[in-house]
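Colleague: I am new to this structure and would be grateful for a close look at a single part of it, the packing of one pair of helices. Please then set that part in its surroundings.

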Amino acid sequence: MALHDALAERGGVWIGAGPEPGEASEALEVIGRDPYVRLAFTLTETEQHDYYLGFSNSVLWPLCHRRGDLVDLDPDFEAAYRAVNARLARAIAKVLEADDVLWVHDYHLFPLAQALRRLGVTNRIGFFLHIPFPTLTDLAVLPKPSDFARWLASYNLVGFQTRADTARCLEMFRADPRAEFMTDGTVKFEDKIVRLGAFPIGIDTETFARDAEGSEESPFRRDAPEEYLIGVDRLDYSKGLPNRFNAFARYLEERTDPERRPCLVQIAPPTREAVQAYQDIRRELEEISGHINGAYAELDWTPIRYIHRAVDRSRLARIYRHARACLVTSLADGMNLVAKEYVAAQQPDDPGVLILSRFAGAAEDLTDALLVNPYDEADIARAIAVALDMPLEERVDRYESCIQAVRDTDVRRWSKQFLAGLDRTLPSFEWPKDE
Ligand code: GDG
């Protein structure tokens, strides 16, 4: 959405992977022209496996989400990652014009700028990382950890979700004897200069709030629960779903009024199902939800409604609006947009409560959510009890603080600030005058 607006306004070109694997090609294919040109890059079947499911999602994703135990160090994965980035760089270099600015997104493309620089490209190139930046210890899991600094230094501006991510990246450069810290806050690395900064991503707050406003009618056609909590996450092991379900069971076990029968509505659409770790988390969650429902359900009450399918976007705002609380219990998360969507969808004079993991990037700004330690099921269970009994006045106070933070990080502002920051960086290989 953010990029859509930025591209439509600035008149840019979108480049992304094509929807289906095909023949390896050095050329980008036009797949759309309105309201801006869209170019597709084709991955082969093998690249889809080794580059996308492999190095991107079985090495970098677990590594950045502190799951070194799930990293698969198959050497074919790394070779494919480098080769795809190099081929994409060649394809982009062919169409790039002198004053074009490139904005690269996410962990699939860390080495892209370095590959472009090798081809002589001196255009401004920015990079935004949507997921957490790894610690030095996490990085040590990579086959060649020292390449990471060079990949990043080849960009002019590198943006992170939070100040904590920026600090971890600075720590990486600090530990590297090739890096020097300049007085203007940039990092000089070999022959390159890079600026780092936090650009917390957000949502289209006003549109989301408007969609939710017209939705006073219940999202349930029949059999609406008396009160419910909502969770919305891709079914990913980083989102802390087993802990959430167990914490909910603990809340049910410990609740003082057994007549109180809240329901946890969990929407968890499938994702990356070809990767073993995702098959494992699916099985684990099915077992836990079956177990909890078996133990606590009554003839007219199912404690967990677990939906392993995507729900229509227009219904989502309505589901958020009627939920008494939202549970975001990620073990690690770049930002977490669900937290912001839930806040934006609330009714200002009778809002629900956001329960938010302190390990989600969103916790850096949404400090008046009920912050929890997702590893501590008792802490989450306590937060559920507090949220369901919270007096109106406190709910309104917390909501007002949270909605302000959501508005302050609106997605339009995010893309404008990043691109303005990129425009202000020095073109590559041009040294500051006092050097
Ligand atoms: C990555 C980072 C960062 C989910 N289920 C359905 C559905 N969704 C939508 C949500 C939300 C989006 O997907 C998920 O965004 P998150 O931010 O929560 O998480 P990731 O997918 O892991 O995103 C994350 C983000 O990038 C942006 O930088 O915040 O930290 O991991 O918008 O609403 N939407 C619909 N049906 C579903 O069933 N329509």
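Modeller: In this predicted model, helix α9 (residues 241–254) and helix α13 (residues 377–389) have axes that come within 8 Å and cross at roughly 60°. An angle of 65 to 115 degrees would count as roughly perpendicular and one under 35 degrees as roughly parallel, so α9 is oblique to α13. The crossing of these two helices is right-handed.

The residues that meet can be named on both sides. From α9 come Asn243, Arg244, Asn246, Ala247, Phe248, Arg250, Tyr251 and Glu254, and their partners in α13 are Glu377, Ala378, Ile380, Ala381, Ile384 and Ala385. By character, the contact of α9 with α13 comprises eight nonpolar, two polar and four charged residues. Among those that α9 contributes are Phe248 and Tyr251, while α13 contributes Ile380 and Ile384, among others.

The surroundings of this pair can be described through the domains. According to the domain assignment, the chain has domain 1 (1–202 + 411–424) and domain 2 (205–409). The C-alpha centres of the two domains are 31 Å apart. Where they touch, domain 1 supplies 19 residues and domain 2 supplies 16 residues. On the side of domain 1 that touches domain 2, the elements giving two or more residues are α2 (45–64), α7 (163–174) and α15 (411–424). Of these, α2 provides the largest share, three residues. This side of domain 1 is made up of eight nonpolar, seven polar and four charged residues.

The ligand belongs to the same description, since both domain 1 and domain 2 give residues to the shell around the ligand, and the ligand therefore lies between them. There are 18 residues around the ligand, and those that come nearest are His130, Ala310, Gly334, Met335 and Leu337. Two helices, α11 (313–322) and α12 (337–344), each supply at least two residues of this shell. The most comes from α12, which gives three residues. Sorted by character, the shell around the ligand holds 11 nonpolar, three polar and four charged residues.

To return to the part requested, α9 and α13 cross at roughly 60°, with a right-handed crossing, and eight nonpolar residues take part in their contact.

How values were computed
Residues numbered from 1 in each chain as written. Predicted model: local features only at pLDDT ≥ 70, side-chain atom pairs only at ≥ 80, totals over all residues. Axes fitted to C-alpha atoms, helices over the stretch in contact; angles between N-to-C directions. Helix = DSSP H or I, 4+ residues; strand = E, 2+ residues; numbered from the N terminus. Parallel < 35°, antiparallel > 145°, perpendicular 65-115°, else oblique. Left-handed = near helix turned anticlockwise from the far one by under 90°. Contact = placed C-beta atoms within 7 Å. Nonpolar A, V, L, I, M, F, W, Y, C, P; charged D, E, K, R; others polar. Near = placed C-beta within 6 Å. Domains from an automatic or database assignment.
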